[in-house]
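Trainee: I should like to work through this structure step by step, with the reasoning set out for each point. Where should we begin?

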Amino acid sequence: MGDAHERRPPAAAALLAKHEARLCTVTALNKQLAEPVTTLAYHFDVHGYTVTVTVPLDPAENSVPTITPWFRNADWNEREFAELFDVH
C-alpha cells in the first residue's frame, strides 16, 4: 500500500480517540459477492454522532494497519477479517 493508505487508519484512530470516540464496528465491503473485499469501513460513535472512516485496500497486499493501540475492541474485527477475508 502507498504511504497515505498506511497512515490513514492509525491517524484517524488517534484523532478519534483524542475526541473520546467509541469504535462500534468495522464493515468489510466488496462490489460483488464473489469478489474479494475492497474496502474496510470503520464506524465510530463520537458524542452521539456516527463517523465512518473508509479505507480502500490494495488488492496486491490486502492489508491495513491495526488500530488496536487506540481501540482495543478492534482486535476482534481484525482477527475475523484475517480469518474470513484474508485481510491482514
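Mentor: We begin with a term: a residue is called buried when its relative accessible area is under 20%, exposed when it is over 50%, and partly exposed in between. Please keep in mind that this is a predicted model.

Trainee: To which of these classes does Asp-86 belong?

Mentor: Asp-86 lies in the segment after α2, the helix of residues 74–85. Its relative accessibility is 48%. Because the intermediate class runs between 20% and 50%, Asp-86 counts as partly exposed.

Trainee: What is the approximate phi of Asp-86?

Mentor: Asp-86 is a residue other than glycine, yet its phi is positive. The value is near 60°.

Trainee: Where is Glu-20, and is it buried or exposed?

Mentor: Glu-20 sits in the loop between α1 (3–18) and β1 (22–29). Although Glu-20 is not a glycine, it has a positive phi of about 60°. Its relative accessibility is 60%, and the cut-off for the upper class is over 50%. Glu-20 therefore counts as exposed.

Trainee: In what order do the helices and strands follow one another along the sequence?

Mentor: The chain contains 2 helices and 3 strands. Read along the sequence, they give the pattern α-β-β-β-α.

Trainee: How does the radius of gyration of the chain compare with what the globule rule gives?

Mentor: For 88 residues the globule rule gives 12 Å. The chain is close to that figure, so it is as compact as a globular protein of that length. Along the principal axes, its C-alpha atoms fill a box of roughly 35 × 25 × 20 Å. The radius of gyration itself is 13 Å.

Trainee: What percentage of the residues in the chain is buried?

Mentor: The surface may be considered beforehand: the chain exposes about 5700 Å², of which carbon and sulfur atoms supply 55%. Of the 88 residues, the buried share is 32%.

Trainee: Which class describes Thr-39, buried or exposed?

Mentor: Thr-39 belongs to strand β2. Leaving aside neighbours within four places in sequence, its contacts include Thr-27, Ala-28 and Leu-29, as well as Thr-54 and Val-55. The relative accessibility of Thr-39 is 18%, and the cut-off is under 20%. Thr-39 therefore counts as buried.

Trainee: And which class describes Thr-50, buried or exposed?

Mentor: Thr-50 is found in strand β3, which covers residues 49–56. At 64% relative accessibility, Thr-50 meets the cut-off of over 50%. Thr-50 thus counts as exposed.

Trainee: How far apart are the C-alpha atoms of Thr-50 and Thr-66?

Mentor: Along the chain, Thr-50 and Thr-66 are 16 residues apart. In space, their C-alpha atoms are separated by 21 Å.

Trainee: Which element gives the largest share of the lining of the largest cavity?

Mentor: The structure holds 1 cavity of 30 Å³ or more, with a volume of about 30 Å³. Its lining consists of Pro-9, Ala-12, Ala-13, Tyr-42, Phe-44, Val-53 and Ile-67. Two elements, α1 and β2 (39–46), give two or more residues to this lining. The largest share, 3 residues, comes from α1.

Trainee: By class, what kind of residues line the largest cavity?

Mentor: No polar and no charged residues occur in the lining of the largest cavity. Its 7 residues are nonpolar.

Conventions. Residues are numbered from 1 along each chain as its sequence is written. This is a predicted model: local features need pLDDT of at least 70, side-chain atom pairs count only at pLDDT 80 or more; totals for chains, interfaces and linings use all residues. Side-chain values use heavy atoms; hydrogens and water are left out. Helices (H or I, at least four residues) and strands (E, at least two) are DSSP runs, numbered from the N terminus. Buried means under 20% relative accessible area, exposed over 50%, partly exposed in between (1.4 Å probe, protein chains only). On a 1 Å grid over the protein atoms alone, a cavity is a set of points where a 1.4 Å probe fits but cannot get out, and a pocket is an open set with protein on both sides within 12 Å along at least five of seven lines; lining residues have an atom within 4 Å of a point. Grid points are joined across faces, edges and corners, and a volume is the space filled by probe spheres set on the points. Ala, Val, Leu, Ile, Met, Phe, Trp, Tyr, Cys and Pro count as nonpolar, Asp, Glu, Lys and Arg as charged, and the others, Gly among them, as polar. The radius of gyration is taken over C-alpha atoms; the globule rule is 2.2 Å times the number of residues to the power 0.38. Accessible areas come from the Shrake-Rupley method with a 1.4 Å probe; for residues, only the protein chains shown count as cover. Contact means heavy atoms within 4.5 Å.
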